[in-house]
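Subject: Structure handover

Hello,

Here is the structure I promised. Please open it alongside this message; my notes follow below.

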Amino acid sequence: MDGTYNGPARQGPVRFVSPVTLNLERIYTQNRINIQKRHGRVPEPAPGPAAKGKPRLLLMGQRRSGKSSISSVVFNKMPPNETLFLESTARVQKEAMRSFMDFQVWDFPGQLDFFDPNFDQDAVFGEIGALIWVIDAQDEYLDAINRLNMTILNIQPAYSNINIEVFIHKVDGLSEDYKLDIQRDIMQRIQDELSDHGFENAPINFHLTSIYNHSIFEAFSKVIQKLIPHLPTLEALLNDLCRSCRFEKAYLFDIVSKIYVATDSSPVDMPSYEICSDYIDVIVDVSEIFGWAPRPEDYVKALEGPPWNKKLEDQTGCGAAESCIVLTDQKRPIMLREVNTYLVLVAIMKEGSYEKMPLVTMNVETVVKGLLEVLEITKQRNGVEDGR
Ligand SMILES: Nc1nc2c(ncn2[C@@H]2O[C@H](COP(=O)(O)OP(=O)(O)OP(=O)(O)O)[C@@H](O)[C@H]2O)c(=O)[nH]1
């Protein structure tokens, strides 16, 4: 209980392994055993940065389906209109994302042939977190479906644990009915083809996405959440918070990408997600101007000197950003509380609950402490400095 180790004497140096790494190692070992069983050979470990055990998201699909646009809009804050000028990807683009959980995004050129014997499948699929297949809904999609089916059938025997996520993309401008028709048609064609090849109930998830609204962030949130081993604990904390503070909805957001890492169990509705996500932008901008966290040393010294003669953290109520607004149209307050450098808690409160703000602040403070403890336990060793 006091944090010291009381078990039997350890053999050799202690290795700190986060559950994310552990999970990936387990999947990778399982894949290697599968390959060994089927092909009688043991594949080499995946080379390069991937071998370090960071979950990897592979963006695949036909040319011009929107892979690079998705990666640029979600992870590099590119305005959607500017993706019109993106050039076709010639080589695999690998980007390392440094956030509450380090992961990589690999953007594949549409024309790449995964079935070329020279293509090192194990290096690509060996330590994968999720395979995201992008289908352009505004274009003829039969070829894209055939290629996806071929890819699944090809990799499934050796890498059976891969999460396959299909983004039915560019659905902006399509009517609600038409979107659902397309989704139904694509799902049917994929499942039929796979079951004809004896691959029943393939674990494939479908998302309707567009870079011109928040649907792409929502889809990525769902993909990333599957990679978080302590997700049930985070969700339980948010459920408790919603119950004790009478929140309608609470989200734990990644500040930079605006992907939500966890939410309570009530259904996600797009307007609430959008408003919370936009609120983060406002607060981040305001705290860039008025916040004092990363200020020059001299400036901080002056503030801590006479006449105050106190450390800055003792002069302020809370070092992290904290805010609450009431929207005039809905009368429902929205509260935001920074959890650490990467994460922020945003919640929509019930109408008229503004008077209970002191109690809410106290409960939020406790839940933030809990969240930090959970994150601390699972922090990767080479990870990031949490907290400010
Ligand atoms: N309407 C609409 N257009 C999009 C969307 N996403 C991407 N696009 C457009 O689709 C075009 C192709 O996008 P890219 O991101 O270059 O496609 P890609 O899949 O990376 O293409 P390759 O690099 O050739 O494999 C660009 O003109 C984008 O602006 C979307 O959600 N809606």
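How many helices and strands are there in the chain? There are 11 helices, and the strands also number 11. Please keep in mind that this is a predicted model. The chain has 388 residues, and 33% of them are buried. Now take the contacts with a separation of 6 or more: 71% of them come from residues 24 or more positions apart.

Domains

The domain assignment splits the chain in two. Domain 1 covers 56-227, and domain 2 covers 231-380. Their contact takes 12 residues from domain 1 and 18 residues from domain 2. On the domain 1 side, α2 (67-76) and α6 (215-225) are the elements that give two or more residues. The largest share of that side is from α6, with 6 residues. By type, the domain 1 side divides into 6 nonpolar, 4 polar and 2 charged residues.

Helix α6

This helix deserves a second look. Of the 11 residues of α6, 9 are buried, so the helix is largely enclosed by the rest of the structure. Which residues of α6 are buried? They are Ser215, Ile216, Phe217, Glu218, Ala219, Phe220, Ser221, Val223 and Ile224. Note that Glu218 is on that list.

The core

The largest nonpolar core has 82 residues. Those with the most contacts inside this core are Ile132, Ile135, Leu252, Phe253, Val261 and Val346. Both domains feed the core: each of domain 1 (56-227) and domain 2 (231-380) supplies at least three residues.

Ile135 is a good place to zoom in. Leaving out residues up to four places away in sequence, Ile135 touches Gly61, Ser65, Tyr141, Ala144, Val166, Phe167, Ile168, His169 and Ile186.

Strands β5 and β6

Some of those partners lead us to the next feature. Strand β5 spans residues 163-169, and strand β6 spans residues 204-208. In which sense do β5 and β6 pair, parallel or antiparallel? They pair in the parallel sense, over 5 bridges. One pair to find on screen is Glu165 with its bridge partner in β6, Asn205. Helix α5 (residues 176-196) joins β5 and β6 in a right-handed β-α-β unit. As a general reminder, side chains in a regular strand alternate between the two faces of the sheet.

Backbone points to check

Two lysines have positive phi values. Lys77 has phi near 60°, although Lys77 is a residue other than glycine. Lys77 is in the loop between α2 and β2 (93-97). Lys258, also not a glycine, has a positive phi of about 65°. The place of Lys258 is the loop between β7 (247-254) and β8 (260-263).

Which of the two is buried, and which is exposed? Lys77 has 10 other C-beta atoms within 10 Å, so Lys77 is exposed. Lys258 has 23 other C-beta atoms within 10 Å, so Lys258 is buried.

There is also a cis peptide bond. This bond joins Pro306 and Pro307, with omega about 5°. Pro307 lies in the loop between α9 (297-304) and α10 (312-315).

One surface position

Val286 sits in helix α8 (residues 270-290). Is Val286 buried or exposed? Val286 has 12 C-beta neighbours inside 10 Å, so Val286 counts as exposed. From Val286 to Ile70 is 27 Å, C-alpha to C-alpha, and the two are 216 residues apart in sequence.

Best wishes

Methods:
Residues are numbered from 1 along each chain as its sequence is written. This is a predicted model: local features need pLDDT of at least 70, side-chain atom pairs count only at pLDDT 80 or more; totals for chains, interfaces and linings use all residues. Domain bounds come from an automatic or database domain assignment. Two residues are in contact if their C-beta atoms, placed from the backbone, lie within 7 Å. Helices (H or I, at least four residues) and strands (E, at least two) are DSSP runs, numbered from the N terminus. Ala, Val, Leu, Ile, Met, Phe, Trp, Tyr, Cys and Pro count as nonpolar, Asp, Glu, Lys and Arg as charged, and the others, Gly among them, as polar. A residue is buried if 20 or more other C-beta atoms lie within 10 Å of its own, exposed if 12 or fewer, and partly exposed in between; C-beta atoms are placed from the backbone. Two strands pair if DSSP finds at least two bridges between them. A crossover is right-handed if, with the strands pointing away from the viewer, the path from the first strand over the helix to the second runs clockwise. A nonpolar core is a set of buried Ala, Val, Leu, Ile, Met, Phe, Trp, Tyr and Cys residues joined through C-beta atoms within 7 Å.
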